[in-house]
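Grab a pencil and work through these exercises one at a time. Try each task yourself before you peek at the solution.

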Amino acid sequence: MVNKLSAFLYFLLIILFISLNLFAQIENSKWGKADYSYQMPDRFEHRDYSFNEKNPERFVLKSVLNAYWFFISDVDGNNCSFSPTCSHFFLLSVKKTNIIQGSLMFFDRFTRDMDIFGKVDHYPYAQNGHYYDPPSLYMLKKDSINYIPPSVVVKNE
Amino acid sequence: MNKIIFLLIIFCTNSFSQEVRSTQSLNLFSPTNIKKFGDYLFCQHDYLRASIEYEKYLQNSFNDTVSFKIGLANLAMGKFENASNKFLSISQNSVFYNLSRLEYLQANFQTGNYDTYRDLYENLNLNSHYKYFFKARELYSFSFLFTDNPLPQKKIFLNTFPEGEQNKIGEFYSWKSDPPYKSPVTAALLSTVVPGLGKIYTHKYSDGIFAFVTVGILGYLAYADFHANHNFRGWLFSALGAGFYGGNIYGSAASAQIFNAEIKFQFFNDLKNFLEEHNYFVPLINFCK
């Protein structure tokens, strides 16, 4: 009887050790090292090639820009120093104003893009490291100007 | 042996029950201890938990110091509405009455409700003999510099402030009464006459030079191509040149607006820094000595 009891107790002890071990395994996986990636976070501007434009001017513009993005820009790389890029700025400007005002805004942006000396002093940074320069600043509406000092990194673009 | 083990267990259980009894007699959740814990958290700048403990304390007791401290804690956390409500709840009999009214006013100033601040200052029946009343009066004058309302006369305006600081505040007043804004129309006209000149007028010097060079080169190319009977290229460069010329006129007007927004931003920044540096706000009572 005593032998049976001690055998049962040994059995219980073994079960206890095994279950402790199992628990330790779970803890180990919980606190184990995470898979670390040294890859830079993807902050590239993903192109929207969709055609949702009902306005004929915008439809033509979107077609031209889609062709430019597909055949030139995407192949060439993300090289525009501004965010949004000049082509995207053009599209946004036309969407927010009209084709004439949007074109004028684009030509002005293109001239500013050619300026290789003055950008640091005038523009804040977008999260992708480019100069943040949204169309809302150039719509000639005082209320739409949200001034952000240079060198500041804009979080909510 | 078994008896000894049994006795040991009984003895240990007994000592443990003694411990529990001594802890229970401490009553950690008595109002006094809740307040003490709230005071500790307040002094540790843990304002959120401090205000929670204080609110618990106020459910069973009345204490105007605690109410005032909840107001201060909310102020420190940026919860201006809660702070204002708490400051307003302090009764006229309290020693914190005058101070809480000033803190309430100040909460409105710090949230940028300058018009509300002025209305409250005029209608709140503040005690003008209170030692910090002059601070509310100074902030009242400053509130005019933050809004587009007409300014009071310069002499009356400056009389509110100590003599040593009147020069600097006078500069702020002059800026506000005649801000050095750039006219978008002038900028556009200047760029119409000479491409890029409007940008230079708004202090975007390199932008102006690049605009002048771009329009100049495209204009020259158009002229040279027409001269050489290359009409297609002539029209192409003309169109591009016209686009850049028009874009520069438009951009100069936009640049003037951005310039104005920039100097306005800097003015408000300077003004806020001045207020912080020269202690124009009501001094905080040190409750954690």
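**Exercise 1.** Work out how many residues each chain brings to the contact, and which elements of chain B take part.

*Solution.* Keep in mind that this is a predicted model. Start with the counts: chain B supplies 21 residues and chain A supplies 18 residues. Next, look for elements of chain B that give two or more residues to the side touching chain A: these are α13 (205–227) and α14 (231–277). Of that side, α14(B) provides the largest share, with 14 residues. Finally, sort the side of chain B that touches chain A by class: you get ten nonpolar, eight polar and three charged residues.

**Exercise 2.** Describe the make-up of chain A, going from the N terminus on.

*Solution.* Count the elements to begin with: chain A has five helices and two strands. Then put them in order from the N terminus, which gives α-α-β-α-α-α-β. Now for burial: 20% of the 157 residues of chain A count as buried. Last, take the contacts in chain A between residues at least 6 apart in sequence; 63% of them join residues at least 24 apart.

**Exercise 3.** Decide whether K69(B) is buried or exposed.

*Solution.* First find the residue: K69(B) sits in helix α4 (residues 64–77) of chain B. Then count neighbours: 23 other C-beta atoms lie within 10 Å of K69(B). The cut-off for buried is 20 or more, so K69(B) is buried. Leaving out residues up to four places away in sequence, K69(B) touches F42(B), Y54(B) and F287(B).

Definitions and conventions. Residues are numbered from 1 along each chain as its sequence is written. Chains are lettered from A and ligands numbered from 1 in the order in which they are written. This is a predicted model: local features need pLDDT of at least 70, side-chain atom pairs count only at pLDDT 80 or more; totals for chains, interfaces and linings use all residues. Two residues are in contact if their C-beta atoms, placed from the backbone, lie within 7 Å. Helices (H or I, at least four residues) and strands (E, at least two) are DSSP runs, numbered from the N terminus. Ala, Val, Leu, Ile, Met, Phe, Trp, Tyr, Cys and Pro count as nonpolar, Asp, Glu, Lys and Arg as charged, and the others, Gly among them, as polar. A residue is buried if 20 or more other C-beta atoms lie within 10 Å of its own, exposed if 12 or fewer, and partly exposed in between; C-beta atoms are placed from the backbone.
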